[in-house]
Amino acid sequence: MNNATLLLDDPGWIITLKALIVFVVCVFLTIMSVWGERRIVARMQMRVGPNRVGKFGLIQALADGVKLALKEDLIPAAADKVVFIIAPIISATAAFMAFAVMPLTGPVNFFGEETVMQLTDLPVGVLYVLAIASVGVYGIVLAGWSSGSTYPLLGGLRSSAQVISYEIAMGLSLVAVFIYSGSMSTSAIVQAQQDTWWYGLVLFPSFVIYAISMVGETNRAPFDLAEAEGELVGGFHTEYSSLKFALFFLAEYVNIIAVSALATTLFLGGYHAIPGLGFTEQWLGGWFTLIWFFIKVLFFFFIFVWLRGTLPRLRYDQFMQFGWKVLIPVSLLWILVVATLRIISTTSQSRVVTFGFAGVVVLVVLGISTAFENSKNKRTSVVHPEPAAPDFAVPSLPSEITTINVSQQGGDRG
Amino acid sequence: MQPLLTIQGPEAALFWILAPLSVAAALGMLLVKKAVHSALLLAWVMITLAIFYIAQGAAFLGVVQVIVYTGAVMMLFLFILMLVGVDSSDSLTETITGLRPIAITAAVGLGGLLVSLLGRATLGREPVGLEAANASGNVEGLAALLFSTYVFPFEVVSALLITAALGAMVLAHHQRTNPRPSQREQAINRFRSGSLAGAAGLPGPGVFARHNAVDVPALLPDGTPAPSSISATLKARGNVLDSGQFQLDNVDTTVVEEK
């Protein structure tokens, strides 16, 4: 029995309850992940992080939320009022809606009803998530425009260009998953990975491309050019305060959780246990799969924080070049390879053709990368003429120093 | 005569809530003054259409409608609108006389044509063949049609779209006469140029401890203002203050001794 048929006989009250649970889980995860992010980043920067409010500072994010809600709500005089108010609502709503198609558990007993923790199972579930994500960007773009000032407008425009570019790479990285699983439904993809290996291994390049573009899609460091506090103050949310700002904040974190959940579903086997621990899926009457799911989601969340703590923000043109000139061509080529391999493996009996094709692909990739390296070497080996000596006093260059005062021991430089 | 359309339960509720909203948004799109509002209402109409598609069992069509039209096309449209005229409103004066009646006639004619055609095709007829078409799944059925029977028109349309996109790129692209220097090259050039005076960057504006706004030139050690510390744009606009008034000589520097 698959998820779609299990979900069909859900009574109305279960659907309502599930929708409520999805909402509560998202809000709870947001609060906890804000705390978690601050603690992890603090650890990476040799600080302590929030540790005053509650045990380990656990309710710091909640306290911040209350503070945020009690702040004065400003609407700039130059703002387009209606759009200014609608924008954060669009952003937050879209973020939550993506969670509707995520299968959080295997079959479980939910108040006496055999079901799965998944709100609905669309045959085009993954495309639905992409569609909702593209609606969510409206929130950011409109916030930028309606604020009626320069920095937010620039942030909004950056964000729209960014999301359009990275959505293409993201969509292309998903195509390989569709080809291999033969479905676009989230639950069917999870099921298909049980028959083979996780797609994160089988389709490793797709996984990498998705992982990169999901950071770009959620406007997170090092791709947070829409906010870019160093250059655009706060980007699209510069003029926002109080609850409206809180909605953007909420949307950002729910989005992170949602793209992490999608990555888990598509590439890391969804709610299933890691191979070898399959027996744990029966624990707690199947509810243990929920724990597996969130372990994987939090793993991705940790990667998000890790990236933020490690990498500086990209320059805008480098970011766009990376998207259009690297990610998209690479994923197009990869799809070509995947589709060909799929056709070969389904039509021909012998493995020789498959391995032969794979060998040719490896050779071509090696050839291209060698050619790239060569041209790079050629470019960097240009010799520059020595500059003329400046017309003011400068310290002598190390190569010109002939005598150096060193201590008695290591005097090998003379 | 049998009932023409039978929609019940949730679908009927969905229809009666969304259909008026959709029509109102479509009318609003024509009537609002700001171009961005108009584009937004158009996006809303597209989203409601997508919801209708999904409610009628065409999940793929609905989702693709949102991704392609609402997501990409409308976003680009908004992008251009915001860049071209952030706050531009439509002028309602008729520049060429007699254009309005022609436009209204054409619009009514096209509307009438569409309504009559769609009406003749759907009203009073039971839809047939949906089950057979979706036998192996909605997406699979669509793919089988697109990539077998209609593969030639499909490829022709995609070639047309790619040509249009490339054409737009070629038309909008302007060729630089010399390559743009990269950050690295700029840094190298600063150090390799005749003087090293500007190698570490130009002086910042403002008079230390007195006035640090961008519109005031910095003072050099001898008390003269440094013109290179001010943005060329501000200079061209004439938005530059005289830094002389912030010189230490001109202000009262007598310190009251605390006893």
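**Chain B, overall.** I started with the secondary structure of chain B, which comes to nine helices and two strands. This is a predicted model, so I read everything below as computed. Going along the sequence, I get the pattern α-α-α-α-α-α-α-α-β-β-α for chain B. I then looked up burial: buried residues make up 15% of the 259 residues in chain B. For contacts in chain B with a separation of 6 or more, I find that 45% join residues 24 or more positions apart.

**Where A meets B.** Next I looked up the interface. I find 21 residues of chain A in contact with 22 residues of chain B. Which elements of chain A give two or more residues to this side? They are helix H5 (125-146) and helix H6 (150-181). H5(A) has the largest share, nine residues. I also checked the chemistry of the chain A side: 18 residues are nonpolar, three are polar and none is charged.

**Helix H6(A).** I wanted to check the length of this one. H6(A) has 32 residues, and at 1.5 Å a residue they should span 46 Å. The C-alpha atoms at its ends are 46 Å apart, so the expected span agrees. Is H6(A) largely enclosed or not? I count 23 of its 32 residues as buried, so the rest of the structure largely encloses H6(A). Just past the helix I noted A:Gly182, with a positive phi of about 70°.

**The hairpin in chain A.** I turned to strands S1 (residues 107-110) and S2 (residues 113-116) of chain A, which pair in the antiparallel sense over four bridges. A:Pro107 stands opposite A:Val116 in S2(A). S1(A) and S2(A) form a hairpin, with two residues between them. In the turn I found A:Phe111 with a positive phi of about 50°.

**The nonpolar core.** Last, I looked up the largest nonpolar core, which has 123 residues. Which residues have the most contacts inside it? They are A:Leu127, A:Ile257, A:Ala263 and B:Val63, so my list for this core holds names from chain A and from chain B. Helix H11 (residues 242-267) of chain A gives the most to the core, with 17 residues. I followed up on A:Ile257. Leaving out residues up to four places away in sequence, A:Ile257 touches A:Cys26, A:Leu29, A:Ser33, A:Val297 and A:Phe301.

Conventions. Residues numbered from 1 in each chain as written. Chains lettered and ligands numbered in written order. Predicted model: local features only at pLDDT ≥ 70, side-chain atom pairs only at ≥ 80, totals over all residues. Contact = placed C-beta atoms within 7 Å. Nonpolar A, V, L, I, M, F, W, Y, C, P; charged D, E, K, R; others polar. Pairing = 2+ DSSP bridges. Expected span 1.5 Å × (residues − 1). Buried ≥ 20, exposed ≤ 12 C-beta atoms within 10 Å, placed from the backbone. Core = buried A, V, L, I, M, F, W, Y, C linked by C-beta atoms within 7 Å.
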